[in-house]
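Dear colleague,

Here is the structure I said I would pass on to you, and below it you will find my notes on what turned up when I went through it. Please read them with the structure open beside you.

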Amino acid sequence: MESKATAQSSGRVRNCSICNQTKAALKRPKTLEQICRECFYQVFEDEIHRVIVDNHLFKPGERIAIGASGGKDSTVLAYVMAELNRRHNYGLDLFLLSVDEGITGYRDDSLETVKRNEIQYGLPLKVVSYKDLYGWTMDEIVKMIGLKNNCTFCGVFRRQALDRGAALLKVDKVVTGHNADDIAETVILNILRGDIARLGRCTSITTGEDGPIPRCKPFKYTYEKEIVIYPFSMSIYSPNAYRGFAREFIKDLERIRPRAILDIIKSGEDFRIATSTKMPEQGTCERCGYISSQKWCKACVLLEGLNRGLPKLGIGRRGIDNERNSRKSIDNKKCGSLDF
């Protein structure tokens, strides 16, 4: 008769490497351990709890907004935050905060998921929309500018919309579902762009402490593959996003070396950035009062271009002064005068 050890080595019988009682149901991408689902859920939640405690992310009594997109990452984040808050008595007041970009067929469905989460997890929900905040939906922006540069608008508007929604909720912090894959991708992107200032802070588990409301990433060391699969669709307006190239590179590395994602994050944490390398000094936008290193924040620059019928002004590194000069040049040419 074939021994149990021989059977296990041949792959026919595999017990969970943690409890050694239940049949293994999956292999953890991070460690390659073969474990049962019950142990996986426990380990998954315990790891996130340790990240929260070890990094002192929250204080009892704080109001916390969970950035809820309706995708798998934020849906799992909402569940885990609610569960750990109850189980470990964090003493937090939790809220769901969602941004409606106005993308027909994409955001409509995900908002329904967020509304279900509101009921399932018993968390109050606040939805802020591009239309209400900026007067434009992403569908309307795409009609004007096309698909090529739409991610610039959506990224800038979403970041500001999240802060505005958080201010309306009067929360102390915002938590987002950015996972280990996302952070590793950001490290690679900043290296490719030569953006040393952002490279020095992109691995921080809490960012924006010098801004209106800090943002925390409890999933910093959590692999995307280990986040429970939930109904999810990629944005229909981001097929050519630059980040996609970094994402594919990260996936290729992971196939060769499963710990590559954590190794990249560790490398980003250990970079020694010269003290002379600093982010631009932050002030406030003269137009809307939002945090900005320029006279006008990026959102106001982009809105100015949209409202004037010149949506490409403000794309890239062009500031409001260049935008005004470009507009003046166009207006002068329209009336037949010289550009001076």
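Contact, as I use the word here, means heavy atoms within 4.5 Å. With that in mind, and remembering throughout that this is a predicted model, let me begin with His49, which, once its neighbours within four places in sequence are left aside, is in contact with Leu84, His88 and Tyr90. His49 lies in helix α2, which spans residues 37-54, and its side chain is joined to that of Tyr90 by a polar contact of 2.7 Å. Since buried means under 20% relative accessible area, His49 counts as buried because its relative accessibility is 18%.

Next, the annotated positions. In an unreviewed entry, UniProt lists Gly67, Ala68, Ser69, Asp73, Val99, Gly177 and Asp182 for "binding site", and I looked at two of these residues, Ala68 and Asp73, in some detail. Ala68 is found in the loop that runs between β3 (63-67) and α3 (72-87), and it counts as buried, at 6% relative accessibility. Apart from its neighbours within four places in sequence, Ala68 is in contact with Ser74, Leu96, Leu97, Ser98 and Val114. Asp73, by comparison, is found in helix α3, and it too is buried, with a relative accessible area of 14%. What does Asp73 touch, not counting residues up to four places away in sequence? Its partners are Gly177, Asn179, Asp182, Phe219 and Ile227, and among them Gly177 and Asp182 also appear in the UniProt list for "binding site".

Turning to the strands, β4 (residues 93-100) and β5 (residues 125-129) run parallel and are joined by five bridges, and within this pairing Asp100 stands opposite Ser129 in β5. Between the two strands the chain passes through helix α4 (residues 107-121), in a β-α-β crossover that is right-handed.

The charged side chains deserve a paragraph of their own, since a search of the whole structure finds 19 salt bridges. Side chains of opposite charge can pair when their charged atoms come close. One of the salt bridges is formed by Arg87 and Glu83, whose closest N and O atoms are 3.0 Å apart; because the two residues are four apart in helix α3, they are separated by about one helical turn. Arg87 counts as partly exposed, at 32% relative accessibility, whereas Glu83 counts as buried, at 13%.

Another salt bridge is formed by Arg215 with Asp163, where the closest N and O atoms are 3.3 Å apart. Arg215 lies in strand β8 (residues 215-216) and Asp163 in helix α7 (residues 150-169), so this pair ties together parts that are 52 residues apart in sequence. Arg215 is buried, with a relative accessible area of 18%, and Asp163 also counts as buried, at 8% relative accessibility.

The side chains of Arg308 and Glu304 likewise meet in a salt bridge, at 2.6 Å from N to O. Here Arg308 is partly exposed, with a relative accessible area of 37%, while Glu304 counts as buried, at 9% relative accessibility. Finally, Arg28, Lys30, Glu47 and Glu226 are linked in a network of salt bridges.

With best regards

Definitions and conventions:
Residues numbered from 1 in each chain as written. Predicted model: local features only at pLDDT ≥ 70, side-chain atom pairs only at ≥ 80, totals over all residues. Heavy atoms only, no water. UniProt positions renumbered as here; feature names shortened; annotations may be inferred. Buried < 20%, exposed > 50% of the residue type's maximum accessible area, 1.4 Å probe, protein only. Polar contact = N/O pair within 3.5 Å; in protein donor to acceptor, adjacent residues only side chain to side chain. Pairing = 2+ DSSP bridges. Right-handed = clockwise from strand over helix to strand, strands pointing away. Salt bridge = Lys/Arg side-chain N within 4 Å of Asp/Glu carboxyl O.
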